[in-house]
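Colleague: I should be grateful for a close look at a single part of this model, namely the surface that meets the nucleic acid. Please then place that surface in the context of the side-chain packing elsewhere.

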Amino acid sequence: MSVLMRQKSELISAIETAIQAALDKGDLVVESVPEVGLEVPREKQHGDFASNIALVMAKPAKKAPREVAQIIVENLPTAGVIRDVEIAGPGFINFFLSNDWLYDTLRTIEKEGEAYGNCEHGAGEKVLLEFVSANPVGPMNVVNARAAAVGDTLARMMNAVGYAVDTEFYVNDAGNQADIFARSIEARYQQLTNPDYPFPEDGYPAAYVQELAEVLKKERPDLLDLPLEERLAFCKRWGTDKMVEMQKADLQAYGVEFDLWFRERDLHARGALEAVIDILRQRGLLFEAEGALWFKSTQFGDDKDRVIVKSDGSYTYVTADIAYHHDKLQRGFTKLINIWGPDHHGYIGRMKAAIQALGYGEDTLEVLILQYVALLRDGQQVKMSKRAGEFITMQDLVDEVGKDAARFFFLNRSPESHLDFDLNLAVEQSNENPVFYVQYAHARISSILRQGRELGIEVPTCSEVDLSLLQHETELDLLKQLAALPEELLTAALLREPHRLTRYAMDLAGLFHSFYTACHILGEEEQLRAARLVLVANIRVVLRKVLGLLGVDAPEQM
RNA sequence: GCGCCUGUAGCUCAGGGGAUAGAGCAUCGGACUUCUAAUCCGAGUGUCGCAGGUUCGAUUCCUGCCAGGCGCGCCA
């Protein structure tokens with residue numbers, strides 16, 4: 001349990017004891033005591049902790065809130081860490097504590113290092129997190145970039161709080177789009193020797209297809225010797241493999257590595273679709289109509305039933321996806337999390353239905369819907385058309401603003417909010433970007449420690465220094481912020497809200513910068529210097545930890 | 001028509017049944033002979049989209065409406 005949580009539960013029991021004492025004396029009369037809430041108030045002058053219990057109890061106790069608060073306060077145990085208690089506002093009980101508990105935070109960080117803030121909440125539950133899963137027929141876009149940042153950091157956060165998360169990229173290399181892609185490459189290949197060769201009406205006109213054809217010509221100059229069908233099959237496999245390679249490289253440069261790139265074509269090759277259809281058939285969940293085979297997904301709350309095998313005998317996208325999710329479940333994952341774009345929200349119902357049809361609970365599958373990213377340039381939305389080959393790719397974005405800024409920018413917003421990404425702002429004011437603010441705090445501390453070492457001053461351990469010398473307001477603020485990490489991290493992971501961590505990082509960096517301006521370290525007398533060295537060294541550990549979760553570099557100097 | 005998301009400062013966005021609703025950017029003042037001024041200190045702005053409801057208390061929860069985005073395929 002973290003220092004903060006321990007302190008909170010200690011206070012809560014003190015309040016509960018006080019209430020019980022008041023009940024025993026008959027000062028308060030209620031049928032049942034509500035749960036005691038305790039929070040760190042937004043305003044510092046409202047104390048280290050505050051409880052609204054008196055407001056909640058006022059009605060059942062049939063007394064004014066402030067009166068209830070007064071009775072509770074009178075019955076509070078006097079010993080312990082509580083330095084002062086006040087009743088404020090409509091009836092809040094504000095607690096002011098001695099600082100001792102804050103110093104424990106430094107001892108904890110020293111002991112745990114970058115594992116500080118981690119916990120075992122997930123109890124090792126096997127979670128599969130699938131995200132990006134962009135079609136292997138072209139470069140990734142900015143929504144993919146957003147998904148990559150959110151998914152990757154979510155995986156890191158969940159691992160930190162005790163889940164066993166695997167990340168996966170589903171490669172949709174067996175569908176219509178892959179066929180169109182193959183025909184596009186094939187046509188461009190033909191055109192290298194026969195300019196009049198027709199390009200498919202629905203083909204991808206973008207330049208990269210042309211470039212692929214040229215590469216293919218060098219690799220396989222004899223391709224036209226193959227019959228058309230084999231030629232297209234080759235283009236499909238070769239082309240999607242090329243795209244996967246490119247996507248993999250782009251994501252790696254972005255700091256995202258998947259545990260597994262799962263190929264749809266492997267599902268087909270091993271008969272997984274037929275197998276899962278059999279299961280549904282045996283459960284009586286299929287029926288034939290209009291020449292097609294349907295899955296009774298409405299039986300599990302879906303809007304309408306879904307076609308599983310089309311009237312031409314081919315499978316729909318959902319069939320492969322059911323087989324894929326079945327595969328995930330068979331691999332022992334008990335929680336499946338998918339991150340999708342907003343255009344897929346209508347897809348949730350049928351996949352949850354499928355999960356249930358396979359015998360698992362509805363909540364086994366959790367879908368996070370990310371909202372769109374609009375790119376703005378010169379105040380105008382950048383119009384993108386895949387057909388015309390005009391779009392800003394993920395790689396363009398990363399080249400323009402950098403990995404760290406791009407990731408931080410995406411992570412800094414709540415996943416379900418629509419996002420306007422102002423390219424001018426990101427480029428022109430890259431020095432003003434919050435990510436640099438946080439990184440600069442890390443660099444500044446690194447610099448202090450470096451210069452200390454040059455002077456022969458090492459960072460002492462907590463046990464060697466008098467931590468109670470840390471009395472400056474900015475120091476106490478910093479200690480409180482450090483103490484808040486474990487709870488913040490757990491909340492962020494459980495709510496799937498990475499943006500809580502970017503806020504945390506900016507707040508911590510801001511408090512450090514204020515401290516840096518107000519207080520000196522290396523020039524102070526030995527005792528104080530030692531205590532402050534411990535403080536900043538531990539701040540650096542926490543900054544590094546949080547930046548690591550965000551997938552952002554922690555530079556030693558800038 | 002039905003479903004999902006959004007509506008908070010000039011802009012981009014946080015927050016959230018409770019105390020005086022916040023941050024960054026932008027604007028305007030200050031602060032470097034001292035560990036990095038990519039920093040700090042200070043200044044101003046709000047009908048929390050609108051209207052009802054629940055509540056001791058609503059910007060937060062509920063309902064309706066308005067506005068914007070997206071989706072409702074034997075596409076993926």
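Which side chain has an N or O atom 3.5 Å from a sugar or linking oxygen of RNA strand B?

Modeller: That side chain belongs to Gln371, where the separation from a sugar or linking oxygen of RNA strand B is 3.5 Å; a polar contact here is a pair of N or O atoms within 3.5 Å. The model is predicted, so local features need pLDDT of at least 70 and side-chain atom pairs pLDDT 80 or more, whereas totals for chains, interfaces and linings use all residues. Residues are numbered from 1 along each chain as written, chains are lettered from A and ligands numbered from 1 in written order, and side-chain values use heavy atoms, without hydrogens or water.

Two further side chains reach the phosphates. A polar side-chain atom of Arg444 is 2.6 Å from a phosphate oxygen of RNA strand B, and an N or O atom in the side chain of Ser417 lies 2.9 Å from a phosphate oxygen of that strand.

In total, 62 residues surround RNA strand B, the closest being Lys59, Asn172, His345, Tyr440 and Cys519; a residue is near the strand if one of its heavy atoms lies within 4 Å of it. Of the RNA atoms that come within 4 Å of the protein, 65% belong to sugar and phosphate. The surface residues comprise 26 polar, 22 nonpolar and 14 charged, where Ala, Val, Leu, Ile, Met, Phe, Trp, Tyr, Cys and Pro count as nonpolar, Asp, Glu, Lys and Arg as charged, and the others, Gly among them, as polar.

Several elements build this surface. Helix α16 (434–454) supplies the largest share, eight residues. Among the elements that each supply at least two residues are α2 (53–61), β3 (92–97), α6 (176–191), β14 (419–422) and α18. Helices (H or I, at least four residues) and strands (E, at least two) are DSSP runs, numbered from the N terminus.

Helix α18 (residues 499–518) also carries Phe512 and Phe515, three residues apart, about one turn of the helix. Phe512 is buried at 0% relative accessible area, and Phe515 is buried at 0%; buried means under 20%, exposed over 50% and partly exposed in between (1.4 Å probe, protein chains only). Leu511, another residue of α18, is partly exposed at 25%. Leu511 touches Asp477, Leu478 and Gln481, leaving aside residues up to four places away in sequence; contact means heavy atoms within 4.5 Å.

Aromatic packing can be followed elsewhere. Rings of Phe, Tyr and Trp (its six-membered ring) pair if their centres lie within 6.5 Å, and planes under 30 degrees apart count as stacked, over 60 as edge-to-face and the rest as tilted. By this rule there are 16 aromatic pairs. One of them is the tilted pair of Tyr170 and Phe262, at 6.3 Å centre to centre with 40° between the planes. This pair links distant parts of the chain, 92 residues apart: Tyr170 is in strand β5 (residues 164–171) and Phe262 in strand β6 (residues 260–263). Tyr170 is buried at 1%, and Phe262 is buried at 6%. In α18, Phe512 and Phe515 form a tilted pair, at 6.1 Å and 50°. Ring pairs also join Phe131, Phe169, Phe258 and Trp261 into a cluster.

Finally, Arg220 lies over the face of Phe234, 4.7 Å from the ring centre, and the charged end of Arg407 sits over the ring of Tyr254 at 5.7 Å; the criterion is NZ of Lys or CZ of Arg within 6 Å of the ring centre and within 35 degrees of the ring normal.

Notes:
A polar contact is a pair of N or O atoms within 3.5 Å; within protein, one must be able to donate a hydrogen and the other to accept it, and residues adjacent in sequence count only if both atoms are side-chain atoms.
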